[in-house]
Amino acid sequence: MSELSVNHLLGIKYLNKEDIQLIFETADHFKEVINRPIKKVPSLRDITIANLFFENSTRTKLSFELAEKRLSADVLNFSSSQSSVKKGETLIDTVNNILSMKVDMVVMRHPNPGAGVFLSKHVKASIINAGDGAHEHPTQALLDSYSIRETLGEVKGKKVVIVGDILHSRVALSNIFALQLQGAQVMVCGPKTLIPKYIDKLGVKVETDLIKALNWCDVANMLRVQNERMDINYFPSTREYTQQFGVNKELLDSLDKEIVIMHPGPINRGVEITSDVADSKQSIILNQVQNGVAIRMAVIYLLASKIKQ
Amino acid sequence: MNILIKSATIIDSKSEFHNTTQDILIENGVITNIGNQLKNPKNYQEITLENLHISQGWFDSSVCFGEPGFEERDTIANGLKTAAASGFTAVAMNANTHPILDTSSDIEFVNTKAKNHAVTLLPIGALTKDGKSEDLAELYDMTRAGAIAFYDYQKPVGNPNLLKIALQYAMNFGGLVCSFPQENKIAGLGVMNENITSTSLGLKGNPTLAEELQVARDLFLLEYTGGKLHIPTISSATSVALIREAKKKKLDLTCSVAIHNLYFTDDVITDFNTHFKVLPPLRTKTDVEALTEGLKDGTIDMVTSDHNPIDIEHKKIEFDYAANGTIGLESAFGALQTLFTLKKTIDLLTKGKSRFGLEQTPINIGNKVNITLFNPDTKYTFTTKNIISKSKNSIFENETLKGNVYGIISNNQISLN
């Protein structure tokens, strides 16, 4: 198989195993490219991509932009911390206005779950979801799995725990779907208030004891607490959260085996992980960032090749 | 109005002609004869339709027509036209208008708009001033103007003391108080049922707990006050159980369920289709089974289409932002018939009348004519072509429904499609 089964990347739940395999193999190639002295290929010289960020983002936006430029695509950036609806314009109108300037592909981050799916049904462009509310963040999950594959050889059979604010996290959801698709076992760990009540129905284990969770896993993916998405305090204080769900070096060293530490960023140092954990040799946080560019190049390249057909 | 209906099968358990095929002679709005091969005495209009069945006119206890204030959604005139074409001879219209119907003059405005129509429109007044759930509206004055019940449409009475006072106060004049079953603090920003589908879509969940807490609270308040309460549109299995228990205490209590909450479950929301965004949200199979059982054993008194036209600008947007609601009059009969027998369907569509002050009008000689004409056996795919409402937000689009409506004869008028 040399092409994706989908025309958009809206979420991991819309992909199959072969899609992920293809994206990884393509990313392997691009990872080699971005480590060359000339880090650029001319593949997408005739493609224009609009990055529409209706929600704040630093690393994802930079990563996408860099991936697009490494592929020689023309890039258009649009950022608005306010949703277009509040300004009186609908999302469809905003995007159609941009598309009428002959844009081929849209990378969109949006605060509402399903915004990408909605857009894909109403506009004529290939859509890449760069995060939609608490729904999905597919390229993050792909780069996470890719980094596990790089570090541990394969994803299949590995035990991965996702720790922290699962309730408000699109990264958790996309990771659950991606890891399960590749045959990994997934556990979520955090305070009950931040774990969706019915998440076990997705086939994941639920654990509230961090030490048990870390002893079980091969990989711990530490999430940030998303205070900005909370309408009520889900725990009494950050201090108390850290006491129960923060990973420090002492805890890491007390485990029977050496586990891999991941984090999608941005890190709140001293909250979910301490600095010595973030900077330890067990941490692959910066590898994740580098792999992010290769994965995004792969996704954009594969979707663009479907447009060209 | 003089009509001879030829060869109609009568579906009316209160009629001595139930389940028989007869000719029906109507003179000056009264059924003057029922029998085989009746002669047309004075060249009256004759109605002959394929597989014609008739029943008592149908009633819907919860519809919204937009007017006044939201005419872009629909108007009273077109709403009544929709009701007639869908087989309803009476509808109770909610006060979610702009301004909200919270004074006698508002009620009079609606009555003026709806007069001289084949369909009887029963206005529901707001329970509280401006629907703000702070102070009671002038319930007595609105009753005198023709308000049939009091309901802040889909807005819960947050303050239990206010509901207590409303129930007590309305007892002076037999007023029917409606309380939307939702505890808003638990429902939070939920946009669909809290379950595996909401989890996998990343959408905020509205748990059944929000409904059940409010139902339990309202039942305690009803028992304390001894008032007259209607709980519109319940959706959870536990609500059915709570109401079943409460009814054993002989409280003056009724409740309803929306047809779409019987027909769909939350797992249909796979691609963020906002046609499925309704309140109360679509629940699970367990809930649907309990609701169905509740209708069978009489715990739930009536079904409603909870007809709520929403313009495309408030539906063709992101799921979080989209308005709740579906139209339902046009699909009500066809959807119910996929779930229940014909007899039960008719029973559910006529049962609620007395609670909202309408008389039952069995199809018997000497009674005023108030009937719905239909063919129960046709099967068809429901599409926007079947929609008469100004707004096309139907949850039933592309569903296969059973039975189509020919029209109604009511208020001394005939309205055939």
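Start at the seam between the two chains: the count between chain A and chain B is 1 salt bridge, meaning a side-chain nitrogen of Lys or Arg within 4 Å of a carboxyl oxygen of Asp or Glu. To see it, select K121(A) and D271(B), whose side chains meet at 3.1 Å, N to O.

A word on what you have loaded: this is a predicted model, where local features need pLDDT of at least 70, side-chain atom pairs count only at pLDDT 80 or more, and totals for chains, interfaces and linings use all residues. Residues are numbered from 1 along each chain as its sequence is written, chains are lettered from A and ligands numbered from 1 in the order in which they are written, and side-chain values use heavy atoms, with hydrogens and water left out.

**Stop 1: the A/B interface**

Stay at the seam and bring up 6 residue pairs in polar contact between chain A and chain B, both partners at pLDDT 80 or more. Such a contact is a pair of N or O atoms within 3.5 Å; within protein, one must be able to donate a hydrogen and the other to accept it, and residues adjacent in sequence count only if both atoms are side-chain atoms.

Now color the chain A side. Helix 3 (91-99), helix 4 (115-122) and helix 6 (170-181) of chain A are the elements giving two or more residues to it; helices (H or I, at least four residues) and strands (E, at least two) are DSSP runs, numbered from the N terminus. Helix 4 of chain A supplies the largest share, 5 residues.

Widen the selection and you get 26 residues of chain A in contact with 17 residues of chain B, contact being heavy atoms within 4.5 Å. Together the chains bury about 1,900 Å², 63% of it on carbon and sulfur atoms; that area is the accessible area (1.4 Å probe) that two parts lose on being put together, summed over both.

**Stop 2: salt bridges inside chain A**

Over all chains, the whole structure holds 24 salt bridges. Pick R170(A) and E55(A), which pair at 3.1 Å, N to O. They link distant parts of the chain, 115 residues apart: R170(A) sits in helix 6 of chain A, E55(A) in the loop between strand 1 (48-53) and helix 2 (59-70) of chain A. Buried or exposed? R170(A) is buried, with a relative accessible area of 8%, and E55(A) is buried at 17% (buried means under 20% relative accessible area, exposed over 50%, partly exposed in between; 1.4 Å probe, protein chains only).

Next, try K249(A) and D253(A), another bridge at 3.1 Å, N to O. These two are 4 residues apart in helix 9 (residues 249-254) of chain A, so about one helical turn separates them. K249(A) is partly exposed at 26%.

**Stop 3: helix 7 of chain B**

Hop over to residues 208-225 of chain B. Helix 7 has 18 residues and should span 26 Å at 1.5 Å a residue, and its end C-alpha atoms are indeed 26 Å apart; the expected span is 1.5 Å times one less than the number of residues. Its buried residues include V215(B), L219(B) and L222(B), and their cover includes helix 8 (237-247) and strand 14 (252-258) of chain B. Just past the helix, G226(B) takes a positive phi of about 75°.

**Stop 4: backbone oddities**

Finish with Q154(B), not a glycine, yet with a positive phi of about 55°. Q154(B) is buried at 14% relative accessibility. Then check the cis peptide bond from G265(A) to P266(A), omega near -10°, and the one joining H98(B) and P99(B), omega about 0°.
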